[in-house]
Amino acid sequence: MTKTTLVTGANRGIGLATAQLLADQGHEVLGTGRTAPDAFPGTFYEVDFADAENLAAVGAEIAERHTVTGLVNNAGLSQARSIDTVTMEDMDAHYQVNLRALVQLTQMMLPGLRAAEGGGRIVNIASRVVVGRAVRTPYVATKAALVGLTRSWALDLAADNITVNCIAPGPVATKLFKGNHPDGSKELESVLASIPLRRVADPMEIAGPIAFLLSPAASYVNGQTLYVCGGGSIGRREQTQRKHRGCTISTGGTRSPVTFFGPFSRRRRRFSAADDEARRRRLDLVVHGLEPLAVIVAVAGVAPHGI
């Protein structure tokens, strides 16, 4: 049975890359967007997600003409707004496109998804910003809601053998991103500083994980959110060094191990791993899972005793 997969927001960026990859893998690909791209590897439907009546008409046409077995909810609206500048009109606009339209279209595709041989697949596209990003009030609100919806729908639809998962991408090298972050700009450097891999993604690097979640290989993956962000959701990698009571504290990021090097490190060879913990008191410590301040307090408490 040929898989028929609908990708929203498929006229550029992640959506278009996903459509191209799925077509290469043998899917019958359907796409939606406000305007059709110059070339598309399947059937494209022009629709405005901000217009509920327009979406209802186009969605009904898609459901009548195709049995959709996979759905990628990728279309979205993103505007830079802080809590000081956001308006209720901004909030409503993001809700209409990022949530209401997504729920509306998913409901219309459910008959095909339920009838899919081997189970239907839904992949929602959220964003790394759900872990926190300044000046993104309406976007963060709707994308965080999408992560919650993914988990809820996974429970609702499991009995129908439909899996629901979510991809949360980091910055992607789309035409829009490049225009707002030119090479060598402070804007680009700021973004790269937040990503341990020190680069933005190619759209195909997001399309790959989406294709995996649509595949039989992911049939037991359900209700999960996968961050495809170059490590940007886990913290920065830059090295810093600070002095504290004669010790140098080296940290590799917000969640990296912390290593202490002090004037007593030469004594480390006197003790083996089998010695009693209270006797060792090594100043060359690797402390996992503690923030630097907590480690300093811990060391300050033991330093006067035996070292």
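Is C166 buried or exposed? In this predicted model, C166 has a relative accessibility of 0% and is therefore counted as buried. A second cysteine, C229, is likewise assigned to the buried class, with a relative accessible area of 7%. As to covalent links between such residues, a disulfide is a bond between the sulfur atoms of two cysteines, and the structure holds zero disulfides.

Charged side chains were examined next. The count of salt bridges comes to four, and three of these pairs are described here, including the one formed by R81 and D90, whose side chains meet with a separation of 3.0 Å from N to O. The two partners of this pair fall into separate classes of accessibility: R81 has a relative accessible area of 25% and is partly exposed, because the buried class ends under 20%, whereas D90, at 11% relative accessibility, counts as buried.

Another of the salt bridges is formed by D160 with R114, and in this case the closest N and O atoms are 2.8 Å apart. This pair links distant parts of the chain, since D160 lies in the loop between α4 (137-157) and β6 (162-169), while R114 belongs to helix α3 (residues 88-115), the two residues being 46 residues apart. On the side of the loop, D160 counts as partly exposed at 28% relative accessibility, and on the side of the helix, R114 is also placed in the partly exposed class, with a value of 42%.

A further salt bridge joins E205 to R199, with 2.9 Å between the closest N and O atoms. Here E205 has a relative accessibility of 34%, which means that this residue counts as partly exposed, and R199, for which the corresponding value is 41%, is partly exposed as well.

Attention then turns to the pockets. For the second largest pocket, a volume of about 220 Å³ was computed. The lining of this pocket is made up of 16 residues, of which K3, E117, G118, G119 and L214 are the closest to the centre. When the lining residues of the second largest pocket are divided by character, four are nonpolar, nine are polar and three are charged.

Taken together, the model presents four salt bridges and zero disulfides, with C166 and C229 both counted as buried, and a second largest pocket whose lining includes nine polar residues.

Definitions and conventions
Residues numbered from 1 in each chain as written. Predicted model: local features only at pLDDT ≥ 70, side-chain atom pairs only at ≥ 80, totals over all residues. Heavy atoms only, no water. Buried < 20%, exposed > 50% of the residue type's maximum accessible area, 1.4 Å probe, protein only. Helix = DSSP H or I, 4+ residues; strand = E, 2+ residues; numbered from the N terminus. 1 Å grid on protein atoms, 1.4 Å probe; cavity = no way out; pocket = protein on both sides within 12 Å on 5 of 7 lines; lining within 4 Å. Points joined across faces, edges and corners; volume = space filled by probe spheres on them. Nonpolar A, V, L, I, M, F, W, Y, C, P; charged D, E, K, R; others polar. Disulfide = S-S within 2.5 Å.
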